[in-house]
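Could you walk me through this protein? I'm new to it and would like a relaxed tour.

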Amino acid sequence: MSEEQEVVTVVKAPVYLKYNFTAGAAPARFLAQIKKGVLTGQRCPKCSAVYVPPRGSCGGCGVATEEEVVLSNKATVQSFTIVYIPIPNNPIQPPYIIANVVPDGANVSFIHLMSECVNEDVHIGARVEAVWKPKEEWGFAMDNIRYYRPIDEPNVPVDQIGKLPVTGLEG
């Protein structure tokens, strides 16, 4: 009865998950505006920080955010990376730039693709603008903005990134 048995060290158990995503109130309002071609954020009633995309609460203060703020299609590059490694099934071929951009009127960046630029010329503080897909292709998704491209405006000093009004550097 005391036969020695082989110890089990590996069990293969493939897992397949199907799920549905529910955006919640703040992101749902944001996506409804994106479908109309409007970039919006939400302002914190305590510290006045404007978040895009809206989260429904301020990350710094923890209070609910409800005031909608219409933002500009112009933005500032806060940080970026040049991607050299191909991603399987990605139609975009390296090298390309992914940047954290802060829309004018917002205080927090979001990540997006950059194009129509020489990768080595992109820098922190560079001014960019959103290039939208054709209106008939718009859905409830951030990829309605195809990418951001550089524009001929003065660089934003690093200490001013995330502090521009909707009217931009000169406003």
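Which residue in β6 stands opposite Ile-97? It's Met-114. Keep in mind as you look around that this is a predicted model.

Let's stay with those strands for a moment. β5 covers residues 96-103, and 5 bridges join it to β6, with the two running antiparallel. Between the strands of this hairpin there are 6 residues, and Gly-105 takes a positive phi near 100°. Now look at what surrounds β6, which spans residues 110-114. Of its 5 residues, 4 are buried, so the strand is largely enclosed by the rest of the structure.

Next, the cysteines. You might go hunting for disulfides here, but the count comes to 0. Take Cys-58: its nearest cysteine sulfur belongs to Cys-44 and sits 3.7 Å away. A disulfide needs the two sulfur atoms within 2.5 Å, so Cys-58 is in none. Cys-58 counts as buried because its relative accessibility is 2%. Cys-117, on the other hand, has a relative accessibility of 23%, so it counts as partly exposed.

Finally, head out to the surface. Val-15, Leu-17 and Tyr-19 form a nonpolar patch there, and together they have about 430 Å² of accessible area. Pick out Leu-17 from that trio: you'll find it in the segment before α1, the helix made of residues 25-35. Leu-17 has a relative accessibility of 70%, so it counts as exposed.

Definitions and conventions:
Residues numbered from 1 in each chain as written. Predicted model: local features only at pLDDT ≥ 70, side-chain atom pairs only at ≥ 80, totals over all residues. Heavy atoms only, no water. Buried < 20%, exposed > 50% of the residue type's maximum accessible area, 1.4 Å probe, protein only. Patch = residues over 30% accessible without salt bridge, like charges linked within 9 Å, V, L, I, M, F, W, Y side chains within 5 Å. Areas by Shrake-Rupley, 256 points an atom, 1.4 Å probe, with all protein chains shown as cover. Salt bridge = Lys/Arg side-chain N within 4 Å of Asp/Glu carboxyl O. Pairing = 2+ DSSP bridges.
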